[in-house]
Structures are given as structure tokens and as C-alpha cells.
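Subject: Structure handover

Hello,

I am passing this structure on to you. Please open it first, then read the notes underneath.

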Amino acid sequence: MNTSQFIAKSVEKSIEKATFTWQTPSNIALVKYWGKSNPQIPKNASISFTLNNCHTITTIEFQKKEKSETVDFDLFFEGQQKEEFKPKIADFFTRIQTYCPYIFEYKMIINSENSFPHSSGIASSASGLSAIARCLMSLESVLNPDLSSEEINKKASFLARLGSGSASRSIEGPLVVWGNHPEIEGSSDLFGVQFPYKVHSVFNNYQDAILLVDKGEKQVSSTVGHNLMHNHPYAENRFKQANENLGKMSSILQNGDLKAFVNLVESEALTLHAMMLTSNPYFILMKPNTLEIINKIWEYREENNSNICFTLDAGANVHVLYPEAEKEAVNYFIENKLAKFCQKNQYICDSVGFGAKKI
Ligand code: DP6
């Protein structure tokens, strides 16, 4: 695979000090990424809605210094120095050093905060790593001013992927595909691309309410989870099915068939959890209230001829997806019938967004 295009050109300009701030969103996969090989290459293609309200804001202050052998950075999360987050970020810098050699020439002071509550069970790696990647690309575009905005976004996604696979889908929006797929023009295992075809208007401003069922620490880290797909008895079929589902999802997004959308999205969520139920070691990440909510959503859909559906990440929280046209009715349903299954009745109303923003 040709990754040489991502190696930064030798620096054209010198800069002593610079500060950049980026807000990058979380995303929710419709067809799931679960299983990867080195270095962060997905076993199947995935697609996600970029979110709007759930985001990370990261500022990096770059101070020029003598070139060193190691990457020098301080990390603050919500104003506090966070030593425990440093190893993941240090690994990220090691993975990207070939592509961003300038990181050895700057001291980096990283300040990050999330719009959603810490340890809410909402994955912050996608928004967190994409924000760092985007700040690095701001520095790189000052050092190499001839980079086009297309090249900047592509490399930001490429770098973000090396930090966390799903982070590659958090640079742009509203729909991003990551992973090489024969029916998606321009798609790649190396970076996310905007879904390249015209999307039906029923998906405009699609809603996602995130029901916080369990705010505890993740029972299975994503790295452990992805590794469970090595030697998994159903792995090969799953990767094949996911790629077929992405082909189907591409048609659905273009023709606006909401019934087919609901069916495919829910099937993907349950299949992801089925992979965890049938791996060894095995996990049940859903909680009793996850199932209560799913059953209530099915009842509501039946009774109201609604297009509401759910999806799940690798955890107990439920993402409730619905068209904007149903917003008022579904929000009422969530507040009155579903909130009680959430920890402290907490849920976050979000909708589809358009990607990273410079602040
Ligand atoms: C279940 O992107 O968190 O959310 O690449 O190891 O950082 P790493 O994994 P990560 O995995 C996300 C898995 C998922 C499905 C998805 O977002 O596609």
C-alpha cells in the first residue's frame, strides 16, 4: 500500500511558536468496524454518521526546540495534567513519526476537553485522536503552505486512523466511509472519505439521541475487542457480510428506503454484539436496561408506524436514530418512556454534523 504520499515534505518554512485549536466530532457507525490488522488496517469497510454535539476541543501549543530522539509533550485533560492518558498518545506519536518528522522539533502542550461527560461510556478516542491529528496538520500546513485543503483532510484522517481506527471517520461529515470497498469510489483502508454519492433528503439532519445506560469504564478496550476477531470462528463470514452490508447501505442512503435502513442498522448493531458473545473470552456488554430500551423502541415503531431504530457501540449505551420529521414525537417518547432506563435519567440529543472545525 502506498503510504509514501503521507510523508511530510522537507519543511519550507521555519516557525518558532504556534497554537492551533480544533473541535472534532464523535461518530456513530451504521456498518461497524470490528477487526483489524497491523498497522490499523480494517478487516472490512465501515460507514458512520458524523455527530454534531458530541465533540472534543483540543488546543496544541507548539514550541520550537532542539531536535531530539523522543517526542516531548505535556497533556492536560479538562485543565488537569493526565499522566494516565499519555501512553496512548505516546504510541500514537510513535506510529506517525515517519509521516510527521517535525514532531521531534517541537515541544507540544496539548489541552483537551470533551463536550460530553467524562466516562459517560461515549468513545472519546475518535474525537480525541482526530483533534490531535487536525492540530498537527495545521502546523504542517504552515510549514508546507502548498498543501491543498483536500490533502490536509486526507492526511488528517490518515494520521487519526493510526491513533484509533474510528477516528479516521471524524474529520469530515455527514457520512464517512473508511475501508477499501469496490462500490465506493475513492475509498481506502488508509483514510476515511466522504460518502461520494448524493444522499436522499430523508437523511438530512438525521437525529441521534445517546441514552447513557452505563457510564462505567469500558469492560473491553477496543484493542482487546478487535483482537478477539483473530481466530474467531465467524470472523471471515462477518467481514464478508459487513462489506455486503456497506454495498446495501450505499443504495439505501441514495434511495431513502427507511425501512431497509432500520433493518440494516439494527442488524449491524446486534451482529457486532454477537461477535462478542461468540468470541473467546466472551463478553456481554449489553445491560438489562439496554434490552428494555430496545424492546420499547420496537413497540413504539410498531404502534406508531415510525422509522426509529437503535444502534450500539462496544458498550451498553443505546444510540436512537430517527429522521428529523419525527423529532418532536420521538423526543417526547424518549423523555417519557426511555429516560428512566438511563443512569440518572441522562441522555444526549445529537444530530448529524459536518466534521472538524477550526476554533
Ligand atoms: C464498535 O476505533 O475504538 O465503535 O482502532 O482500536 O482504536 P481502535 O478501535 P476503535 O473501534 C471502534 C469500534 C466500534 C465500531 C465502529 O465505530 O465502527
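Below are notes on the ligand site, followed by a pair of helices.

Keep in mind that this is a predicted model.

The ligand site

Start with the ligand. Its surroundings consist of 17 residues. The closest are Tyr33, Lys36, Ser164, Gly165 and Ser166.

Three side chains are worth selecting. In Tyr33, a side-chain N or O atom is 2.6 Å from an oxygen atom of the ligand. For the side chain of Lys36, the distance from an N or O atom to a ligand oxygen is 2.7 Å. The side chain of Ser164 also has an N or O atom 2.7 Å from an oxygen atom of the ligand.

How much of the ligand does the protein bury? Taken alone, the ligand exposes 460 Å². The protein buries 95% of that.

Next, the make-up of the shell. By residue class, the shell around the ligand has 8 polar, 5 nonpolar and 4 charged residues. Which helix gives the largest share of this shell? Helix H4, residues 222-227, does, with 3 residues.

The helix pair

Now turn to helix H1 (residues 86-96) and helix H3 (residues 149-163). Their axes come within 8 Å. They cross at roughly 130 degrees. H1 is therefore oblique to H3, as the angle lies outside the ranges for roughly parallel, roughly perpendicular and roughly antiparallel. The crossing of H1 past H3 is right-handed.

Over to you.

Best wishes

Definitions and conventions: Residues numbered from 1 in each chain as written. Predicted model: local features only at pLDDT ≥ 70, side-chain atom pairs only at ≥ 80, totals over all residues. Heavy atoms only, no water. Near = heavy atom within 4 Å. Polar contact = N/O pair within 3.5 Å; in protein donor to acceptor, adjacent residues only side chain to side chain. Areas by Shrake-Rupley, 256 points an atom, 1.4 Å probe, with all protein chains shown as cover. Helix = DSSP H or I, 4+ residues; strand = E, 2+ residues; numbered from the N terminus. Nonpolar A, V, L, I, M, F, W, Y, C, P; charged D, E, K, R; others polar. Axes fitted to C-alpha atoms, helices over the stretch in contact; angles between N-to-C directions. Parallel < 35°, antiparallel > 145°, perpendicular 65-115°, else oblique. Left-handed = near helix turned anticlockwise from the far one by under 90°.
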